[in-house]
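Visitor: I would like to take a close look at a single part of this protein, and then hear how that part sits among the other local features. Please go through it slowly.

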Amino acid sequence: MTDALVFRRVRAIDPAGALDAEVDVVVEAGRVTRVGRDAAKDFVAGERVRVVELAGGWLLPGLIDLHAHLREPGSEGKEDVASGLRAAAAGGFVDVCCMPNTWPVNDSRVVTEMLVAKARAIGTVRLHPIGAITMGQKGEHLTEMADLKDAGAVAVSDDGRCVTNSQVMRRALEYATTFDLPLIQHAEDHALTEGAQMHEGAVSTRLGLRGWPRVAEDVIVARDVLLAEYVGARYHVAHVSTMGAVRLVREAKARGIAVTAEVTPHHLLLTDQALLGYDTACKVTPPLREPEDVEALRRALADGTIDCVATDHAPHGVLDKHVEMAEAAPGMIGLELCLPLLLGLVRDGFLPLGRLVDALTGAAARIVGLPAPRIRDGARADLVLVDPAARWTVDPARLKTKSRNTPFAGREVTGRVMMTVCEGRVIHE
Ligand SMILES: [Zn+2]
């Protein structure tokens, strides 16, 4: 056990504190104790002092993911809390929120407590369960949200399913507001997406696959915004994928409604063209859209209309994906690829680095009411060290997640998480 962990001459980037400078950062007893030029000059590497030097390295606040599927309980062959948290640490995350569409569904105190206890016993990345909105995610009867919150849930969502009944949604918004729990909607009008395998457009016509129109997302966001305004509730849209939903969120914010939104790395980087080879790794929910949607999403993330990035990490086994498109399970892994992939958008000029860091830290933290990791004196030491110049090729077999389902296999990326520190402890390197 070292007494001090010292980062010497790193570029520390903490947009919340307007920090972007080459400094030393010292961690002692789980806290950041010094930040500044030559702040670590009194520290000499030794038995009790670990000095980390990485030429050109960046030090960021630890990342937060609002939307991950860790598959426990019920589908531990795809992922479990332990492997999911290892993947999260390898991706630079210190806080992960896990969705309730497990088996059984996390609609009760028992499941939430089990998840919290498992993660605590592992003692690395902090896990924050998201409870269901309705019992069994059936869209009918509301869960005991007070119990869920008391057990450690930070939000409610029926992710994987949409709350389509307007009366249930109204009551859910009112009930969640009572307990100050953000409600996260998976915006999909299921009547419009029955049998859908991909985005509805020219590519789906060409491939002869049943399409999922943009409007299936847009009608739900439009209705929900009106309901949230009517009852005075907070409302968060999961994985926004359409330019129409972006416009609705932008208008709602301009009118002062408490709406927030997240976007996934894959919706920022891929279009429905990726499906042309019938690659089931590209089947996701909501589906990959068209270039004008990608452009709208990038612009909205850059200008803050979309608050944060969430991975929608969705591990699946080989047998779930090596089937026809119609049978393939939707989703792709994301925790370990999120930061490297999005650093590409920064390099290409689509996204300011400070905005990306905010979208993965402070902005995400605010939505679920978690303390945001910071780089400043006295802050809890939640940090990620990145080598922005490291080039590597994505090899799913070398990732920490149990699953391999990613269309980014074989892609060369630049930027690598070298070390993740959570509460002063190195949890990945
Ligand atoms: Zn979803």
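In which loop, between which two helices, is Pro286 found?

Guide: This is a predicted model, and in it Pro286 is found in the loop that runs between helix H8 (265-269) and helix H9 (291-303). What draws attention to that loop is the peptide bond from Thr285 to Pro286, which is cis, with omega near -10°. Most peptide bonds are trans, and most residues other than glycine have a negative phi. A second cis bond joins Trp103 to Pro104, here with omega near 0°, and Pro104 lies in the loop between strand E7 (93-98) and helix H2 (109-122).

The backbone also departs from the usual pattern in its phi angles at Ala18 and Glu423. Ala18 is not a glycine, yet has a positive phi of about 55°; this residue lies in the loop between strand E1 (4-14) and strand E2 (19-28), and with a relative accessible area of 74% Ala18 is exposed. Glu423, likewise a residue other than glycine, has a positive phi near 50° and is found in the loop between strand E17 (412-422) and strand E18 (425-428). At 39% relative accessibility, Glu423 counts as partly exposed.

Loops matter again when one turns to the metal site. The zinc ion has as its protein donors Asp159 through OD, His186 through ND1 and His239 through NE2, and these lie 1.9 to 2.3 Å from the ion. Along the chain the donors follow the spacing D-x26-H-x52-H. His186 sits in the loop between strand E10 (183-185) and strand E11 (198-199), while His239 sits in the loop between strand E13 (235-237) and helix H7 (243-254), so the two histidines tie together parts that are 53 residues apart in sequence. His186 is buried, at a relative accessible area of 3%, and His239 counts as buried at 3% relative accessibility.

The cysteines can be treated with similar care, since a search of the whole structure finds zero disulfides. The closest cysteine sulfur to that of Cys97 belongs to Cys98 and is 7.8 Å away, which is too far for a bond, given that a disulfide requires a pair of sulfur atoms within 2.5 Å. Seen from the other side, the sulfur of Cys98 has its closest cysteine partner in Cys97, at 7.8 Å and too far for a bond. Cys97 is buried, with a relative accessible area of 0%, and Cys98 also counts as buried, at 5%.

Two further places show how cover and exposure are distributed. Helix H12 (residues 353-360) is mostly covered, with seven of its eight residues buried; the buried ones are Leu353, Arg355, Leu356, Val357, Asp358, Ala359 and Leu360, so the list includes the charged residues Arg355 and Asp358 beside nonpolar ones. On the surface, by contrast, Leu192, Val215 and Val219 form a nonpolar patch whose accessible area comes to about 210 Å² together. Val219 is found in helix H6 (residues 215-231), where at 35% relative accessibility this valine counts as partly exposed.

To return to the part you asked about, Pro286 belongs to the loop between helix H8 and helix H9, and the bond leading into Pro286 from Thr285 is cis.

Definitions and conventions: Residues are numbered from 1 along each chain as its sequence is written. This is a predicted model: local features need pLDDT of at least 70, side-chain atom pairs count only at pLDDT 80 or more; totals for chains, interfaces and linings use all residues. Side-chain values use heavy atoms; hydrogens and water are left out. Donors are N, O and S atoms within 2.8 Å of the metal (3.2 Å for Na, K and Ca); water is not among the atoms, so sites may look incomplete. Helices (H or I, at least four residues) and strands (E, at least two) are DSSP runs, numbered from the N terminus. Buried means under 20% relative accessible area, exposed over 50%, partly exposed in between (1.4 Å probe, protein chains only). Patches are made of residues with over 30% relative accessible area and no salt bridge: like charges are joined within 9 Å, nonpolar side chains (Val, Leu, Ile, Met, Phe, Trp, Tyr) within 5 Å. Accessible areas come from the Shrake-Rupley method with a 1.4 Å probe; for residues, only the protein chains shown count as cover. A salt bridge is a side-chain nitrogen of Lys or Arg within 4 Å of a carboxyl oxygen of Asp or Glu.
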